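Colleague: I'm new to reading structures like this one. Please pick one small part, take a close look at it with me, and then show me what surrounds it.

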Amino acid sequence: NLAASDLGVGLFILPFSAASFFQFRAHSALFDHPVLCNMVGVCRQMLLCSSTYTIAAISYERFLGVKRPMSYKRIVDKRFAVVAVSLIWTYSITYSLITVIMPDKYGEFVYNDYTGYCIQQWYLNDGSETSQDMGETVEVVVNVVFNFVIPLGLMGYYYSKVLKALHANLHFCHKMKVP
């Protein structure tokens, strides 16, 4: 799953980012087209979401391997993997497509002249400049919380539990004088 996400980033996101960078430097507006902007924005959002949550799922899988070594193979089986991958992709696709499905409520991906990239523009209230600035702030906060803070928090929690369990096992081995 992580390899598929990363391959998607390499095939669909990086070429557009590089092209966007060079066309921005040349003051061209190749990516100013709404359809292309939405396509690139949705793909980028979807693949980055799936990557971060896949890494969080891997940390949970490692936690189960250390915390429950005797029942690990019974818990982490093909069904477990299919459910985890399905949940990750369902969330990633839904989160990414919400702007395309409901642009009046959640905004859309638009070309930003300042950065040279297509960014998600959230609309708030009346569409005034202040409202648009607040919409960009809300978009950044929502994306950071849901696609960085939450997965990072899950990873931190599960890896801290892994380290605690490994430390307890090491302490037990030293008490038992196991070489």
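Modeller: Let's start at R62, which counts as partly exposed because its relative accessibility is 44% and that label covers values between the cut-offs for buried (under 20% relative accessible area) and exposed (over 50%), taken with a 1.4 Å probe and protein chains only. Before we go on, a word of care: this is a predicted model, where local features need pLDDT of at least 70, side-chain atom pairs count only at pLDDT 80 or more, and totals for chains, interfaces and linings use all residues. Residues are numbered from 1 along each chain as its sequence is written, and side-chain values use heavy atoms, with hydrogens and water left out.

What does the side chain of R62 meet in a salt bridge? The partner is E61, at 3.0 Å from N to O. A salt bridge here is a side-chain nitrogen of Lys or Arg within 4 Å of a carboxyl oxygen of Asp or Glu. Side chains of opposite charge can pair when their charged atoms come close. E61 is buried, because its relative accessible area is 15%. The count comes to one salt bridge by this rule.

Now look at a core that draws on helix α2. The largest nonpolar core has five residues in all: F63, L64, V76, Y158 and V162. By nonpolar core I mean a set of buried Ala, Val, Leu, Ile, Met, Phe, Trp, Tyr and Cys residues joined through side-chain atoms within 4.5 Å. Helices α2 (34-67) and α6 (129-175) each supply at least two residues of this core. Nonpolar side chains tend to be buried together in soluble globular proteins. As for L64, its partners are P69, Y72, I75, V76 and F80 once neighbours within four places in sequence are left aside; contact means heavy atoms within 4.5 Å.

Follow α2 back a little and you reach S51, which lies in that helix. S51 is buried, because its relative accessible area is 8%. Not counting residues up to four places away in sequence, S51 touches L2, S5 and D6. That leads us to S5, which sits in helix α1 (residues 2-25). Is S5 buried or exposed? It's buried, because its relative accessible area is 0%. Leaving out residues up to four places away, S5 touches L47, S50, S51 and W89. The C-alpha atoms of S5 and L47 are separated by 5.3 Å, though the two residues are 42 apart along the chain.

L47 turns up again with I93, whose place is in helix α4. The C-alpha atoms of I93 and L47 are 8.7 Å apart, with their positions 46 residues apart along the chain. I93 is partly exposed, because its relative accessible area is 35%. S86 belongs to α4 too (residues 78-101), and at 38% relative accessibility it counts as partly exposed. From S86 to N1 you'd go 85 residues in sequence and 10.0 Å in space, C-alpha to C-alpha.

Back to α6, where you'll find G156. G156 has a relative accessible area of 40%, so it is partly exposed. Its C-alpha is 8.5 Å from that of S59, while the pair is 97 residues apart along the chain. I150 also lies in α6, and its 33% relative accessibility makes it partly exposed. It's one of the residues in a nonpolar surface patch of about 790 Å², among them V140, F146 and L154. Patches use residues with over 30% relative accessible area and no salt bridge, joining like charges within 9 Å and nonpolar side chains (Val, Leu, Ile, Met, Phe, Trp, Tyr) within 5 Å.

Finally, zoom out. The protein has six helices and two strands, in the order α-α-α-α-α-β-β-α from the N terminus; these are DSSP runs numbered from that end, with helices being H or I of at least four residues and strands E of at least two. Of its 179 residues, 31% count as buried. Among contacts between residues at least 6 apart in sequence, 62% join residues at least 24 apart. And how far does the predictor trust all this? The average pLDDT (the predictor's confidence in each residue, from 0 to 100) is 79, and 74% of the residues score at least 70. Confidence is lowest in helix α5 (residues 103-106), at a mean of 66, and highest in helix α3 (residues 72-75), at 92.

Key. Accessible areas come from the Shrake-Rupley method with a 1.4 Å probe; for residues, only the protein chains shown count as cover.
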